[in-house]
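Subject: Structure handover

Hello,

Here is the structure for you to look over. Please open it next to this message and follow along.

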Amino acid sequence: MNQPRLDRLGAYPFARLDALLTTLTPNPSLPLINAGAGEPRLPLPPFVADALQRGLDGFSRYPPTRGSPALRQAIADWLMRRYSGITVSGADQVLAANGTREALFAIAHAAINPEADEKPVVLLPNPMYQIYLGAAWTAGAVPHPVPALEGQGFAPAWRQVPEAIWEKTALVYCCSPSNPTGWVASDDDYRLLIRKALQHDFLLVADECYSEIYYRDAPVGLLQVAAAMGHDDFSHCLVCNSLSKRSALPGLRSGLIAGDADWIARFAKLRSYTGPATPLPLQQVAIAAWRDETHVARNLQVYRESLDAFYSAFGSGEPADGGFFVWLAVGDDRAFARAAYRERAVKLLPGSFLGMEGEDGINPGSGFVRIALVDGVDAAGELGLRLRRLVGG
Ligand SMILES: Cc1ncc(COP(=O)(O)O)c(C=O)c1O
């Protein structure tokens, strides 16, 4: 197949959502609630303005692509505070990223060698954050979706992946807590993936950007599980995380990549060409954010109360383990999204836009909608109420 790689990408979910709603007018008697995008809209943490002011002269210098030594150390310190039993070197095992999105995308371009490997496979959970799919296609790999179904608590069916697929696998994306389902990887899930990565020599990338948003217990991290297995150099393992969700700073575009020092060096080489360096003043803000937990605890409280407010107003269901999404079974997800917009002035995302058809022709995102609780507790309660009215509750 000689189709240009770019042509394999479908329209991005938010563009599809706009197209789906374009002919409709939201109910004019209600203020619109945009629960479509997972963009936290909480108050700015108090230290941001000061940190930015202190770092202003950094705009007159080119920033180092890897991130400043101070930022990489702040990230390493955070990882070691957050995850027990790990030792992380800020010098060799950490890179700064402009959010996780660009790093998650670009890592496939470092890990995939379509010329050398016959049909390299990228495993991704299904439904998934669409960047994994776009990265796999544009890097010249074959995406292999791993269904995450309700009957299995939305755990991706890693154990059902055939041996012949593992053998061709070059890269695995695991998202925990999951966007969109809220599933959280257990110690055993990560152990299985780490063993497979070592056995089949692929790169395992954990997208942990929702790690600080959880309803009950703090999720385990990939690096922590690797170290507990005696695998404390993290070989074959990388994690991505960012300040977008943890600190409600999506506009800062600041994140991290950490783990296997060899992969970090290889990825740094690619990035020295692509050049996604974070401006130095923003790195100063990031340092302050990774070193502060007060605002994180406050945000977590808001997310938890938002989940409570939604479910108590909606009248059924309960929060998933992680993240700030409600992943709601609704029947026809596109029809539901249109009705929510037209009748209740709520913008939400049809689940089918976040999944892909597997070999069985089934898109596991179909039949669900994703509702982002990102506007605070009152808006979450209002969302629950409006959707309850929509379903006739
Ligand atoms: C699962 C997942 N990964 C990564 C990202 C990217 O976030 P950022 O680039 O802001 O870190 C998002 C954003 O919505 C996400 O939902």
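Below is what was found, starting at the ligand and moving outwards.

Please keep in mind that this is a predicted model.

**Ligand site**

How many residues surround the ligand? There are 15, and the closest are Thr100, Asp207, Tyr210, Ser242 and Ser244. Three side chains are worth a look here. Aspartate 207 places a polar side-chain atom 2.5 Å from a ligand nitrogen. Serine 244 has a side-chain N or O atom 2.6 Å from an oxygen of the ligand. For arginine 253, a side-chain N or O atom lies 2.7 Å from a ligand oxygen. Taken alone, the ligand exposes 400 Å², and the protein buries 92% of that.

Serine 244 sits in helix H9, residues 243–246. Is serine 244 buried or exposed? It is buried, because its relative accessible area is 7% and the cut-off for buried is under 20%. Serine 244 also lies 7.8 Å from glycine 255, C-alpha to C-alpha, with the two positions 11 residues apart in sequence numbering.

The loop between H9 and strand S8 (255–259) holds glycine 251. Glycine 251 is exposed, at 67% relative accessible area. Its C-alpha atom is 9.3 Å from that of glutamate 39, although the two are 212 residues apart along the chain. Glutamate 39 comes back below.

**Salt bridges**

Side chains of opposite charge can pair when their charged atoms come close. The count here is 15 salt bridges. Three of them are described next.

Start with lysine 347 and aspartate 18. Their closest N and O atoms are 3.4 Å apart. Which parts of the chain does this pair link? Lysine 347 is in strand S10 (residues 346–347), and aspartate 18 is in helix H1 (residues 13–21). The two are 329 residues apart, so the bridge links distant parts of the chain. Lysine 347 is buried, with a relative accessible area of 19%. That value falls under the 20% cut-off, so lysine 347 counts as buried. Aspartate 18 is partly exposed, at 45%.

Next, arginine 342 and glutamate 343. This salt bridge has its closest N and O atoms 3.6 Å apart. Arginine 342 is partly exposed, with 37% relative accessibility. Glutamate 343 is partly exposed too, with 38%. Elsewhere, Glu39, Arg41 and Asp375 are joined into one network by salt bridges that share partners.

One bridge involves glutamate 39 and arginine 41, with an N to O distance of 3.0 Å. Glutamate 39 has a relative accessible area of 39%, so it is partly exposed. Arginine 41 is partly exposed as well, at 30%.

**Aromatic rings**

A pair of aromatic rings is described by the distance of the centres and the angle of the planes. The count here is 14 aromatic pairs. Tyrosine 129 and tyrosine 132 make one of them. Their centres are 5.8 Å apart and their planes meet at 75°, an edge-to-face arrangement. Both tyrosine 129 and tyrosine 132 are buried.

What is the geometry of tyrosine 303 and phenylalanine 324? The ring centres are 5.2 Å apart and the planes are at 35°, so the pair is tilted. Tyrosine 303 lies in helix H12 (residues 294–314). Phenylalanine 324 lies in the loop between H12 and strand S9 (325–329). The pair therefore ties together parts that are 21 residues apart in sequence. Tyrosine 303 and phenylalanine 324 are both buried.

These two rings belong to one aromatic cluster with Tyr210 and Phe325. Tyr210 is also among the residues closest to the ligand.

**Charges over rings**

Two arginines are placed over aromatic rings. The charged end of arginine 266 sits over the ring of tryptophan 263, 5.1 Å from the ring centre. Arginine 271 lies over the face of phenylalanine 267, at 4.9 Å from the centre of that ring.

**Where to look**

For a short tour, begin at Asp207 and Ser244 beside the ligand. Then go to the Tyr210, Tyr303, Phe324 and Phe325 cluster. Finish at the network of Glu39, Arg41 and Asp375.

Best regards

Key. Residues numbered from 1 in each chain as written. Predicted model: local features only at pLDDT ≥ 70, side-chain atom pairs only at ≥ 80, totals over all residues. Heavy atoms only, no water. Salt bridge = Lys/Arg side-chain N within 4 Å of Asp/Glu carboxyl O. Helix = DSSP H or I, 4+ residues; strand = E, 2+ residues; numbered from the N terminus. Buried < 20%, exposed > 50% of the residue type's maximum accessible area, 1.4 Å probe, protein only. Phe/Tyr/Trp six-rings, centres within 6.5 Å; stacked < 30°, edge-to-face > 60°. Lys NZ or Arg CZ within 6 Å of the ring centre and 35° of its normal. Near = heavy atom within 4 Å. Polar contact = N/O pair within 3.5 Å; in protein donor to acceptor, adjacent residues only side chain to side chain. Areas by Shrake-Rupley, 256 points an atom, 1.4 Å probe, with all protein chains shown as cover.
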